[in-house]
Amino acid sequence: MMTYNISIDINNKQNFINPFLYGSFAEHLGKCIYGGIWVGEKSSIKNERGFRIDVLDYLKELELTVIRWPGGCFADTYHWLDGVGPKNKRPRRYNLWWKQPESNAFGTDEFIQLCNLLNSEPYLAINVGSGSVQEALNWIEYCNSSKNTEFAILRVQNGYRKPYNVKYWGIGNENWGCGGAMTPEYYADLYRRFATYIRQQTDSNVKLIACGSNTDFDDWDERVLKNIQNKYFDLVDFISLHVYTGWNIEQNTLSEKEYYKIIKDITITKNKIEKAIQLCNTYSKNKNIKVILDEWGLWYKEATVDNGLFQEGLLLDAIFAGLNFHLFHSFSDDLFMTNLAQTTNVLQSFILTRGDKAILTPTYYLYKMYKPHKGKRVVKVNSNLPKIKLFDDDVEALSISSSISQDDKEIFITIVNIDLEKDYYINLSNLQNYRLIDSLELTANDFRERNNFINPDNVKLVKKDITDLNNILIKKHSVNSFLLCLK
């Protein structure tokens with residue numbers, strides 16, 4: 001039995017892991033909001049001011065740093081005034097993109113309450129596709145102003161005296177597609193228009209996010225940044241990317257080859273982020289524009305508009321998320337924020353609900369497992385790791401990310417074994433000055449194991465009983481964590 005050496009070089013500190021890398025996204029789509037997060041004050045489901053108590057309690061455990069809302073494609077058809085004031089006077093609309101009724105019972109004030117309850121930063125997406133500059137300015141006034149003006153007064157009249165001080169504002173969403181099918185030059189002109197007025201109205205604490213591309217629009221980001229930044233160097237703080245994986249793969253018939261294809265496609269995300277960082281450095285003054293990945297995750301073929309983009313959670317999803325976070329950590333000097341799509345019931349979500357029942361997905365457990373990385377600094381890992389064949393490439397079977405606290409007293413290590421066939425043994429023998437205080441494992445008998453309403457606990461976190469750091473078992477298709485403290 002071979003044991004592979006893993007050496008954590010605590011003297012080689014690298015990127016700070018921005019807690020905003022661990023964000024979420026909640027759109028008016030399927031049952032993400034209605035039935036997932038919000039049931040209303042009169043619901044028979046236990047709630048706190050309309051919010052599902054079970055979902056709130058579960059989300060609080062994740063310590064989500066930021067939540068993006070109201071979309072998504074929904075954002076560029078959303079008119080914020082529909083969702084404020086007495087609920088019985090809010091207009092009913094039809095959700096154009098996701099083909100469902102919209103009661104507007106959950107609006108700006110409810111979203112801010114949600115963020116306050118979860119201690120999360122709000123990130124709002126402005127309607128550019130069917131909205132106006134004035135509508136955007138009014139919304140920002142409603143959220144942030146303490147002046148004696150119309151929309152600040154309206155917020156107070158609605159029962160919210162203190163300004164919300166929303167810092168992050170996205171100017172449009174997917175404006176190359178559902179946000180208006182625009183050319184990058186046309187969007188850049190609109191962005192400059194919106195941003196110029198917003199900058200004039202707000203203080204420097206407000207950060208503006210330009211709509212970037214997904215994997216189908218290779219030159220969008222450069223053409224947008226070039227046309228905005230040639231004359232106006234202070235209008236963009238971030239550019240956002242969207243990357244979904246697994247589009248043409250059926251969750252219910254996943255093969256081992258498709259498993260490895262999903263793992264390999266993380267390289268697409270890596271290349272996308274790298275290219276965006278290079279463009280931001282080229283088209284910004286003093287490299288002040290950063291990248292946001294505000295929609296990412298697995299989108300299986302089963303998730304369709306008809307079922308509200310619903311899909312069950314697999315062990316594979318957690319493995320995929322763990323590998324992505326290791327990637328995000330490596331870019332965290334330039335990658336400021338990521339937002340997994342989505343919070344409940346939609347795509348790669350944390351929680352699935354059905355009536356008064358709520359279950360946790362493997363991705364939920366992965367987020368919970370990785371919390372100790374937040375706010376630490378990446379430290380270099382030296383190893384002699386085994387390799388496996390991933391199509392045409394030889395890649396390491398174990399992906400490792402290690403981080404250390406600012407005072408060097410705490411080290412956190414996460415290890416993902418992507419191999420479907422082999423267990424491996426490792427040692428952490430160079431950490432003699434540290435003691436292991438917690439170790440967790442996330443795995444199952446098969447990478448296709450899922451949590452559903454029949455079997456909600458197929459995949460869950462298990463504490464590992466480790467007495468010897470020289471001989472640690474890392475099971476096949478598993479995610480593992482190790483928290484150590486200075487002796």
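Start with the largest pocket of this predicted model, which has a volume of about 770 Å³. Select L323, H326, L327, S399 and I400, since of the 29 residues that line the largest pocket these lie nearest its centre. To see where the walls come from, colour β1 (3–16), α7 (256–264), α8 (266–283), α9 (315–330), β17 (377–383), β18 (387–390), β19 (393–396) and β20 (398–404), each of which supplies at least two residues of the lining. If you then colour the lining of the largest pocket by class, you will find 13 nonpolar, ten polar and six charged residues.

Keep α9 on display and add helix α10 (residues 362–370), for the two helices pack at an angle of about 35°, with their axes 7 Å apart. The crossing of α9 past α10 is right-handed. On the α9 side, select L315, D317, A318, A321, G322, F325 and H326, and on the α10 side P362, T363, L366, Y367 and Y370, which together make the contact. By class, this contact between α9 and α10 has eight nonpolar, three polar and one charged residues. H326 is worth labelling here, as it belongs to the contact with α10 and is also among the residues nearest the centre of the largest pocket.

Next, go back to β1 and bring up strand β22 (residues 424–427), with which β1 pairs in the parallel sense over three bridges. Select Y4 and you will find its bridge partner in β22, I426. From β22, move on to strand β26 (residues 472–474), where the pairing is antiparallel and again runs over three bridges. There, I426 stands opposite I472 of β26.

Now turn to the barrel, in which eight strands close in the order β2-β5-β8-β9-β10-β11-β12-β14, with parallel pairing. The twist from one strand to the next averages 30°. A good place to inspect the barrel is the pair formed by strand β2 (residues 23–25) and strand β14 (residues 335–341), which is parallel and has three bridges; select F25, and A341 of β14 stands opposite.

With the barrel still displayed, look for the second largest pocket, in which about 570 Å³ of space lies. Among its 31 lining residues, T215, Y244, T245, W247 and W299 lie nearest the centre. The elements that give two or more residues to this lining are β11 (238–245) and α7, and β11 gives the most, with four residues. The lining of the second largest pocket divides into 14 nonpolar, ten polar and seven charged residues.

Finally, search for enclosed space: the whole structure holds three cavities of 30 Å³ or more. The largest cavity contains about 60 Å³ of space, and you can outline it by selecting A75, Y78, W80, A125, I126, N127, S132, E135, A136 and W139. Both β8 (121–126) and α3 (133–144) give two or more residues to this lining, and α3 gives the most, with three. Seven of the lining residues of the largest cavity are nonpolar, two are polar and one is charged.

The second largest cavity has a volume of about 50 Å³, and its lining consists of R68, Y123, G170, G172, N173, E174, I209, A210, C211, S240, H242 and D294. Here β10 (207–211) and β11 each supply at least two residues, with β10 giving the most, three. The lining of the second largest cavity divides into four nonpolar, five polar and three charged residues.

Note on methods. Residues numbered from 1 in each chain as written. Predicted model: local features only at pLDDT ≥ 70, side-chain atom pairs only at ≥ 80, totals over all residues. Heavy atoms only, no water. 1 Å grid on protein atoms, 1.4 Å probe; cavity = no way out; pocket = protein on both sides within 12 Å on 5 of 7 lines; lining within 4 Å. Points joined across faces, edges and corners; volume = space filled by probe spheres on them. Nonpolar A, V, L, I, M, F, W, Y, C, P; charged D, E, K, R; others polar. Pairing = 2+ DSSP bridges. Axes fitted to C-alpha atoms, helices over the stretch in contact; angles between N-to-C directions. Left-handed = near helix turned anticlockwise from the far one by under 90°. Contact = heavy atoms within 4.5 Å.
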